[in-house]
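Biologist: I am new to this structure and would like a close look at a single part of it. Please take the strands that pair with one another, and then follow what lies against them.

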Amino acid sequence: MQKFVVTIARGYGSGGRTIGQMLAESLGIKSYDREIIRMASEESGISEALFGIADEKLPNPFMRYTKGVYKGKIITPDQEDYVSNDNLFNLQAKVVRRLAQQENCVIIGRCADYILKEEKNVLRVYVHAPLESCVETLLSMSSLTPKEAEKRILKIDKNRAYYYKHYTGREWDNAGNYDLCLNSKDLGFEKCVEIIKDVLKIRFSD
């Protein structure tokens, strides 16, 4: 099989992260999620905590819908905006691009589908599930009430959508952004993994 990268965008509670990890394990490759934050922190010297605060959310509502912020340019340490949210994103994007060049891997979140939009060896996947299914998943992992779980899911997905729109100019849940959209409730995690593997074979077979 040719060199490839799988990016996974996911609704909160859909199991997209788990599916990505299962896929990577099945293929014998690495999956990257918050590890990208750690790498960007180590390379830049900026506290990992600052990356965590800005992770897939926009703290300032006035930042929303600033179309296409990501240009790939890194601000240097001597500049005033070195630790700005936009530069934190750019530093993570730099890690994403390097990983995609260096190895076969699965990258979860981080707008990786957009960051790697010019790359031909990328399979872009979006994992979603009905709200009631996501609520059930979250309830099985926490002590939240159904109403609290639903509120958290809606809030996190809203933040992810704002974050994605800010840095890409695109709608996060638009199927046109992706090569493959999977309903994890109907298919189940294992079937999602098998479908992704089948598409990889079709797209990147020698």
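**Strand S3 and its surroundings**

Modeller: In S3, Ile 108 is the bridge partner of Ile 8. That pairing is a convenient place to start, with the reminder that this is a predicted model.

Strand S3 runs over residues 105–108 and is covered on both faces. Cys 105 and Ile 107 lie on one side of S3, Val 106 and Ile 108 lie on the other, and all of them are buried.

S3 pairs with strand S1, residues 5–10, in a parallel arrangement held by four bridges. Besides the pairing of Ile 8 with Ile 108, Val 5 has Cys 105 as its bridge partner in S3. S3 also pairs with strand S2, residues 30–32; these two run parallel as well and are joined by three bridges. Here Ser 31 stands opposite Val 106 of S3.

S1 is mostly covered too, with six of its six residues buried. Val 5, Thr 7 and Ala 9 point one way from the strand, while Val 6, Ile 8 and Arg 10 point the other way. Arg 10 is thus listed among the buried residues along with Val 6 and Ile 8. S1 has a further parallel partner, strand S4, to which six bridges join it. Within that pairing, Val 6 is matched with Leu 123 of S4.

Next comes helix H1, residues 16–27. Its twelve residues, at 1.5 Å a residue, should span 16 Å, and this agrees with the 16 Å between its end C-alpha atoms. The buried residues in H1 include Gly 16, Ile 19, Gly 20, Leu 23 and Ala 24. They lie on the same side of H1, because the arc they cover around the axis is only 135 degrees. The spacing fits a general rule: an α-helix has 3.6 residues a turn, so residues three or four places apart point the same way. What covers the buried residues of H1 includes the strands S1, S2, S3 and S4, the last being residues 122–128, together with helix H8 (184–187) and helix H9 (189–204). Just after H1, Gly 28 takes a positive phi of about 75 degrees.

S4 leads on to the aromatic residues. A search of the whole structure finds six aromatic pairs. In one of them, Tyr 126 and Trp 172 have ring centres 5.7 Å apart and planes at 90 degrees, so the pair is edge-to-face. This pair links distant parts of the chain: Tyr 126 belongs to strand S4, whereas Trp 172 sits 46 residues away in the loop between helix H7 (146–168) and strand S5 (180–183). Tyr 126 and Trp 172 are both buried.

Tyr 126 also pairs with Tyr 178, and that pair is stacked, because the ring centres are 5.1 Å apart and the planes are at 20 degrees. Tyr 178 is in the loop between H7 and S5, 52 residues from Tyr 126 in S4, so this pair too links distant parts of the chain. Tyr 178 is buried, as is Tyr 126.

Two further aromatic features can be added. Phe 89, Tyr 163 and Tyr 167 form one aromatic cluster. Elsewhere, Lys 117 lies over the face of Tyr 114, at 4.3 Å from the ring centre.

Technical notes:
Residues numbered from 1 in each chain as written. Predicted model: local features only at pLDDT ≥ 70, side-chain atom pairs only at ≥ 80, totals over all residues. Heavy atoms only, no water. Buried < 20%, exposed > 50% of the residue type's maximum accessible area, 1.4 Å probe, protein only. Pairing = 2+ DSSP bridges. Expected span 1.5 Å × (residues − 1). Arc of directions from axis to C-beta. Contact = heavy atoms within 4.5 Å. Phe/Tyr/Trp six-rings, centres within 6.5 Å; stacked < 30°, edge-to-face > 60°. Lys NZ or Arg CZ within 6 Å of the ring centre and 35° of its normal.
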